[in-house]
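Let's take a look at the empty spaces in this model, both the enclosed ones and the open ones.

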Amino acid sequence: MKLDPFTIWLPLIYLLVHSLLTIKTSISRTSKLRIMGSNILLSGFFLFLLWLTWHTQGAQSLFITILLLWSPIVFFWWAYIWSKHTLHAFYPPGRTFDGFIIKWEGRILGQPSLWLSQKGNRLVTEILHICYFSYYFYTLSLGIFLHKNGRLAEFEAMSFAVMFGYLVSYTCFALTPVHGPRWSLFEQGLLTNPSEQQQRGYLITDSINRIMFDGPAHKGGAMPSSHSSTGLIFMVWAFRIWDIETAILAAVLVLGMWIGSVYGRYHFVADIIVGAIIGLLSILLADYLILGTI
């Protein structure tokens with residue numbers, strides 16, 4: 001089977017967007033040149049993959065197939081870290097939309113990112129963080145299953161949807177600066193004890209705390225939630241390709257991940273809603289372009 005190049009275009013589009021946003025930032029000229037040079041090199045790699053898709057006759061080799069299917073996914077996993085350079089392309093570091101979201105959610109929902117975790121305990125915290133951590137296996141599990149079973153067009157459609165969601169989310173980080181409740185609730189005085197920023201659970205909770213506070217997680221990349229976008233895509237595709245029992249388990253994991261995102265104060269409810277909408281639109285676009293079912 002010869003694969004279509006749709007998924008290869010997404011890294012190229014994001015590299016262009018990232019480069020344009022980098023020009024807008026106030027970082028040093030040396031840093032801009034370093035980032036632009038890296039983007040050009042990566043663009044060359046994906047342009048080479050495009051050339052392969054256009055010049056390969058008939059079915060592609062196993063190595064080329066793996067490159068075409070998996071390298072865009074690996075790129076977007078890495079690109080989250082790279083997006084930190086463009087978080088403040090339009091707004092200074094201290095400018096966020098968190099205050100507006102806190103006010104809106106307080107009025108309509110009673111501030112769930114504040115009170116939800118106050119109803120739990122260490123065991124509940126750990127279970128919800130396990131659900132939250134399950135996000136890192138969504139695309140991987142779907143991709144391995146579809147690739148192993150030779151369902152490559154479906155692999156492309158699934159991964160296109162996931163990556164389109166990443167592209168939109170990473171771009172919006174610069175347009176909608178939101179730190180997330182773990183930071184802004186404390187800054188707004190709704191959490192009075194700094195220790196409440198990190199919740200107490202067990203092994204998984206402690207690991208995620210290290211990622212969020214001492215690792216690669218961005219302070220300013222909460223809106224929209226790419227976790228939510230990917231989670232919705234995972235849930236829909238689970239019902240498409242797996243038996244009903246496995247699909248229901250997947251849906252429970254996604255629901256737990258969404259609740260855990262708010263419970264853990266990583267996202268506002270608004271972040272989850274916008275991310276889910278992006279995920280749904282990404283599925284529809286992928287189905288139309290690759291599967292031709294719309």
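## The cavity

Start with the enclosed space in this predicted model. Leu 87, His 88, Pro 93, Arg 95, Thr 96, Pro 177, His 179 and Gly 220 line the largest cavity, and its volume comes to about 30 Å³. If you search the whole structure for cavities of 30 Å³ or more, one turns up.

Sorted by class, the wall of the largest cavity is made of three nonpolar residues, four polar ones and one charged one.

## The largest pocket

Now for the open spaces. The largest pocket holds about 480 Å³ of space. It's lined by 27 residues, and Tyr 80, Tyr 135, Tyr 136, Ser 226 and His 227 are the ones closest to its centre.

Which helix gives the largest share of this lining? That's α3, with four residues. Helices α3 (62-82), α8 (152-175), α10 (203-214) and α11 (226-241) each put in at least two. As for chemistry, you get 17 nonpolar residues, nine polar and just one charged in the lining of the largest pocket.

## The second largest pocket

Next up is the second largest pocket, at about 200 Å³. Its lining counts 13 residues, and closest to the centre you'll find Ser 117, Gln 118, Gln 199, Arg 200 and Arg 265.

What classes of residue make up the lining here? The second largest pocket has eight polar residues, four charged and one nonpolar, whereas the lining of the largest pocket has 17 nonpolar residues and one charged.

Technical notes:
Residues are numbered from 1 along each chain as its sequence is written. This is a predicted model: local features need pLDDT of at least 70, side-chain atom pairs count only at pLDDT 80 or more; totals for chains, interfaces and linings use all residues. Side-chain values use heavy atoms; hydrogens and water are left out. On a 1 Å grid over the protein atoms alone, a cavity is a set of points where a 1.4 Å probe fits but cannot get out, and a pocket is an open set with protein on both sides within 12 Å along at least five of seven lines; lining residues have an atom within 4 Å of a point. Grid points are joined across faces, edges and corners, and a volume is the space filled by probe spheres set on the points. Ala, Val, Leu, Ile, Met, Phe, Trp, Tyr, Cys and Pro count as nonpolar, Asp, Glu, Lys and Arg as charged, and the others, Gly among them, as polar.
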